[in-house]
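Biologist: I should be grateful for a close look at a single part of this protein. Please choose one strand, describe its surroundings, and place it within the chain as a whole.

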Amino acid sequence: MPPSSVMLPMFMDDLAGSSQTVVLGTITGKRTEWGPDRRMIFTVYSVAPQQYLKGSLGNSFELREPGGELDGEGFYVASVPQYQVGQEAVLFVWTDRAGQH
């Protein structure tokens, strides 16, 4: 059987504490792209911050989430949110070593 992951629920304090940035923002754009090895699809959201509650990522930033549809293929992760352009959300953001959020 392939390996699997289980996402455990986190309390708000845990989310805020483990996130490098917490922001209230609006989703202003959305695109899908293949990962570097073409084995995973990612959805990249453009975000316009309205208010930073912790940290800062500037006047706009991109948020990269696993999953989406591209080239007739779909890949979805049950615990990953799917945002719509125009949607407002409080985002708990972690930035990796490559600078991707």
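Modeller: A contact here means that two residues have heavy atoms within 4.5 Å of each other. In this predicted model, if one takes the contacts between residues at least 6 apart in sequence, 59% of them join residues at least 24 apart. Strand β1 offers a suitable part for a closer view. The strand covers residues 21-34 and pairs with strand β6, residues 88-93, in the antiparallel sense. Six bridges connect β1 with β6, and within this pairing Val23 stands opposite Leu91 of β6. Strand β1 also has strand β2, residues 41-54, as a partner; these two strands run antiparallel and are joined by twelve bridges. Here Gly25 has Pro49 in β2 as its bridge partner. Between β1 and β2, which form a hairpin, there are six residues. In that hairpin, Arg38 adopts a positive phi near 60°.

The setting of this part may now be described. The protein chain contains one helix and six strands, and their order along the sequence is α-β-β-β-β-β-β. Its C-alpha trace spans about 40 × 30 × 25 Å along the principal axes. Of the 101 residues in the chain, 31% are buried. The accessible surface amounts to about 7,000 Å², and carbon and sulfur atoms account for 54% of that surface. As for charge, the chain carries 7 positive and 11 negative side chains, and the centres of these two sets are 5 Å apart.

Notes
Residues are numbered from 1 along each chain as its sequence is written. This is a predicted model: local features need pLDDT of at least 70, side-chain atom pairs count only at pLDDT 80 or more; totals for chains, interfaces and linings use all residues. Side-chain values use heavy atoms; hydrogens and water are left out. Two strands pair if DSSP finds at least two bridges between them. Helices (H or I, at least four residues) and strands (E, at least two) are DSSP runs, numbered from the N terminus. Buried means under 20% relative accessible area, exposed over 50%, partly exposed in between (1.4 Å probe, protein chains only). Accessible areas come from the Shrake-Rupley method with a 1.4 Å probe; for residues, only the protein chains shown count as cover. Lys and Arg count as positive and Asp and Glu as negative; His and the chain ends are not counted. The place of a charge is taken as NZ of Lys, CZ of Arg, CG of Asp or CD of Glu.
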